[in-house]
Amino acid sequence: MEQDPQPQWEGKVSARLAKATADQIWPLLNDFFNLHKWCPGLAACYGIHGTNGVPGCIRHCEGSSIPSTDTNTDGHSQPVSWSTERLTAVDHGERSLSYEIVDSNIGFKSYVSTVKVVPQGDDGQDGCVIEWSFSVDPVAGLVLDELVRMYKVGLQQMAERLEDGVKGLRKLYFLFSFYMFAAALDSFYSL
């Protein structure tokens with residue numbers, strides 16, 4: 001007799017960024033092949049197929065936030081977890097993207113996730129919220145509440161890195177603008 005399959009796990013977490021707008025954060029998250037720049041649990045993320053940010057492209061991610069199901073010859077878990085992920089949809093107007101895991105050593109099956117950046121305030125200048133939702137078949141060795149907690153902690157750390165990244169970009173823009181202004185003054189006084 002065939003057993004009824006367990007219902008999929010679904011979860012959603014969010015993080016508020018008070019010092020960065022949705023317009024500042026979206027280009028950073030939309031950079032599908034470079035999630036490791038912002039996600040503390042990833043040691044590496046790089047493209048292996050297609051054009052970055054175009055549905056159908058595939059990235060390879062490595063990290064340690066979710067234990068690997070691989071074992072080495074002595075029966076112990078391998079320390080590096082990995083996944084291969086395909087971008088399935090991008091909506092620039094809504095600032096959202098969806099992807100699926102096509103292969104991994106972390107036990108995820110039928111995994112689909114959506115990341116969305118939501119502006120805050122009437123004019124979108126009161127920061128933003130990143131929403132990360134997922135749907136996955138139950139994972140052996142994990143409990144849904146623990147998985148949601150890991151996502152929540154990871155997203156909060158990622159939000160802090162993204163805000164720091166935007167702050168760093170502002171400094172670079174200021175320095176570049178100052179340099180261009182100084183160069184223009186130098187040219188003016190050289191006449």
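**Figure 1. Seven strands, side by side in one open sheet.** In this predicted model, 7 strands line up as an open sheet in the order β1-β7-β6-β5-β4-β3-β2, and their pairing is antiparallel. Strands of a sheet pair up through backbone hydrogen bonds, and they can do that either parallel or antiparallel. Look at the two ends of the row: β1 (9-17) and β2 stand at the edges with a single partner strand each, so one side of each has no neighbour in the sheet. Going from one strand to the next, the twist averages 25°. Helix α1 (residues 22-29) packs on the sheet and touches β1, β4 (81-91), β5, β6 and β7 (128-136). The direction of α1 makes about 155° with that of β6.

**Figure 2. Edge strand β2 and its partner, β3.** How many bridges join β2 to β3? There are 6, and β2 and strand β3 (residues 58-63) run antiparallel. One bridge to spot is the one at Gly47, whose partner in β3 is Arg59. Keep Arg59 in mind, as this residue turns up again in Figure 5.

**Figure 3. Leu42, a residue of strand β2.** Leu42 sits in β2, which covers residues 42-49. Is Leu42 buried or exposed? Leu42 is buried, because its relative accessible area is 18% and the cut-off for buried is under 20%. Leaving aside residues up to four places away in sequence, Leu42 touches Leu35, His36, Cys61, Glu62 and Gly63. Now find Trp82: this residue is 40 residues from Leu42 along the chain, yet their C-alpha atoms are separated by 9.1 Å.

**Figure 4. Two tyrosines, Tyr99 and Tyr111, ring to ring.** To describe a pair of aromatic rings, you give the distance of the centres and the angle of the planes. The model has 7 aromatic pairs. One of them is Tyr99 with Tyr111, a tilted pair at 5.9 Å centre to centre with 40° between the planes. Tyr99 belongs to strand β5 (residues 96-104) and Tyr111 to the loop between β5 and β6 (112-119), so this pair ties together parts 12 residues apart in sequence. Both tyrosines are buried.

**Figure 5. The aromatic cluster, with Arg59 over two of its rings.** Zoom out from the tyrosines and you'll find that ring pairs link Phe32, Phe33, Tyr99, Phe108, Tyr111, Trp132, Phe134 and Tyr151 into a cluster. Here's Arg59 again: this residue lies over the face of Phe32, at 3.8 Å from the ring centre. Arg59 also lies over the face of Tyr99, at 4.9 Å from that ring's centre.

Key. Residues are numbered from 1 along each chain as its sequence is written. This is a predicted model: local features need pLDDT of at least 70, side-chain atom pairs count only at pLDDT 80 or more; totals for chains, interfaces and linings use all residues. Side-chain values use heavy atoms; hydrogens and water are left out. Helices (H or I, at least four residues) and strands (E, at least two) are DSSP runs, numbered from the N terminus. Buried means under 20% relative accessible area, exposed over 50%, partly exposed in between (1.4 Å probe, protein chains only). Contact means heavy atoms within 4.5 Å. Rings of Phe, Tyr and Trp (its six-membered ring) pair if their centres lie within 6.5 Å; planes under 30 degrees apart count as stacked, over 60 as edge-to-face and the rest as tilted. A charge sits over a ring if NZ of Lys or CZ of Arg is within 6 Å of the ring centre and within 35 degrees of the ring normal. Two strands pair if DSSP finds at least two bridges between them. Axes are lines fitted to C-alpha atoms, for helices over the stretch in contact, and angles run from 0 to 180 degrees between N-to-C directions.
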